[in-house]
Amino acid sequence: MDIGRRAALAALLAAGLVPCTAARAASGVAAPSGPRPPASLLGSEIRRLPTSRKVVALTFNAAWDEAGIDIVLAELRRRGLPATFFPTGAFADAHPGAVRAIGAAHGLGNHSYSHPHFEDLSTVQRVQEVRRADAAIRTASGAEPLPFFRFPYSATTRSSVADVNDLGYAAIEFTADTNGYLGPQGGMSAEAAAERAIDALAPGAIIQMHVGSNGDGVVLDAEALPLIVDAAEAEGYTVVDLRDLLVA
């Protein structure tokens with residue numbers, strides 16, 4: 001860790017914003033409790049899982065409304081499939097029941113508290129965003145969040161990835177976004193969203209979708225989900241749970 005980030009995190013420790021653990025003595029940062037990411041997921045943003053197997057990970061961001069959550073959860077439950085959800089802390093505060101329902105069946109990552117551009121934040125501000133989101137997600141879900149962080153806008157920099165790694169999180173981005181969040185008004189359809197995911201299928205692909213309607217009431221990714229899964233399975237892909245990557 002460089003001197004600037006160490007000093008900033010030391011200030012947060014002194015202020016009580018980062019819990020004190022034995023790990024702090026070695027790295028200057030407290031990692032999340034529970035399982036941790038393997039070393040292969042640290043050091044850079046992850047846009048594809050490090051594997052040659054025909055597997056794909058389904059992920060969903062949650063930052064707006066909860067319009068598509070019941071449909072998505074029902075479809076995943078019907079098919080017996082795992083997914084990883086990345087709510088913001090503000091979403092968790094606004095929709096605790098939705099986050100609790102997600103956490104009862106699937107892994108919960110961290111998508112910051114207020115969805116800012118991380119490249120414009122200092123290390124202190126980045127840590128506050130991550131920690132505040134972690135607290136909100138824990139409170140809403142009653143579950144242990146995963147040590148996976150997804151950057152708002154997928155706007156990563158070397159220093160911001162290092163900051164979240166220092167906090168014990170892997171930076172999990174995506175191979176392809178369906179762009180379903182754009183909605184019909186953005187020129188998208190469920191079929192077009194599914195096609196973007198299907199075109200990106202490759203060993204270790206990570207597909208990003210969204211559970212909110214972004215204000216228009218239409219959740220194209222909820223409609224596209226069965227199309228994506230059907231195509232992936234037809235091509236011999238297995239949907240994997242990102243929680244299986246963690247080490248004790």
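Which residue forms a salt bridge with Arg79? I began the notebook with this point, working throughout from a predicted model.

**Entry 1: the salt bridge of Arg79**

I looked up the partner of Arg79 and found Asp230, with the closest N and O atoms 3.0 Å apart. This pair links distant parts of the chain, since Asp230 belongs to helix α9 (residues 220-234) and Arg79 to helix α3, 151 residues apart. I then checked accessibility for both partners. Asp230 is partly exposed, at 42% relative accessibility. Arg79 is also listed as partly exposed, with a relative accessible area of 22%.

**Entry 2: Glu75 and Arg78**

I turned next to helix α3 (residues 69-79), which holds both Glu75 and Arg78, 3 residues apart, or about one turn of the helix. Their side chains form a salt bridge, with an N to O distance of 3.0 Å. I asked whether each partner is buried or exposed. Glu75 has 13% relative accessibility and therefore counts as buried. Arg78 has a relative accessible area of 60%, so I recorded Arg78 as exposed.

**Entry 3: other salt bridges**

A search of the whole structure returned 8 salt bridges. I noted one between Arg243 and Asp241, whose side chains meet at 2.9 Å, N to O. Arg243 is partly exposed at 32% relative accessibility, while Asp241 is buried with a relative accessible area of 13%. I also recorded that salt bridges with shared partners join Glu75, Arg78, Arg79 and Asp230 into one network.

**Entry 4: Asp177**

I located Asp177 in strand β6 (residues 176-177). Which side chain of opposite charge is nearest to Asp177, and how far away is it? I found Arg196, at 5.8 Å; Asp177 is buried and has no salt bridge. The distance cut-off for a salt bridge is 4 Å, so the pair does not qualify. I then searched for other partners of Asp177. A polar atom of the Asp177 side chain lies 2.7 Å from the backbone nitrogen of Asn179. Leaving aside neighbours within four places in sequence, I listed Arg196, Gln208 and His210 as the contacts of Asp177.

**Entry 5: helix α7**

I examined helix α7 (residues 158-166) and found 7 of its 9 residues buried, so this helix is largely enclosed by the rest of the structure. The buried residues of α7 are Ser160, Val161, Ala162, Asp163, Val164, Asn165 and Asp166. Just after α7, I noted that Gly168 has a positive phi of about 95°.

**Entry 6: packing of α5 and α6**

I looked up how helix α5 (residues 96-103) lies against helix α6 (residues 123-141). The axes are 7 Å apart, and the helices pack at an angle of about 80°. I therefore recorded α5 and α6 as roughly perpendicular to each other. Which residues meet where these helices pack? On the α5 side I found Pro96, Val99 and Arg100, and on the α6 side Ile137, Ala140 and Ser141.

**Entry 7: the whole protein**

I closed with overall values. The secondary structure comprises 9 helices and 8 strands. Of the 248 residues in the protein, 54% are buried. I also looked up how far apart in sequence the contacting residues are. Among contacts between residues at least 6 apart in sequence, 76% join residues at least 24 apart.

Conventions. Residues are numbered from 1 along each chain as its sequence is written. This is a predicted model: local features need pLDDT of at least 70, side-chain atom pairs count only at pLDDT 80 or more; totals for chains, interfaces and linings use all residues. Side-chain values use heavy atoms; hydrogens and water are left out. Helices (H or I, at least four residues) and strands (E, at least two) are DSSP runs, numbered from the N terminus. Buried means under 20% relative accessible area, exposed over 50%, partly exposed in between (1.4 Å probe, protein chains only). Lys and Arg count as positive and Asp and Glu as negative; His and the chain ends are not counted. A polar contact is a pair of N or O atoms within 3.5 Å; within protein, one must be able to donate a hydrogen and the other to accept it, and residues adjacent in sequence count only if both atoms are side-chain atoms. Contact means heavy atoms within 4.5 Å. Axes are lines fitted to C-alpha atoms, for helices over the stretch in contact, and angles run from 0 to 180 degrees between N-to-C directions. Angles under 35 degrees count as roughly parallel, over 145 as roughly antiparallel, 65 to 115 as roughly perpendicular and the rest as oblique.
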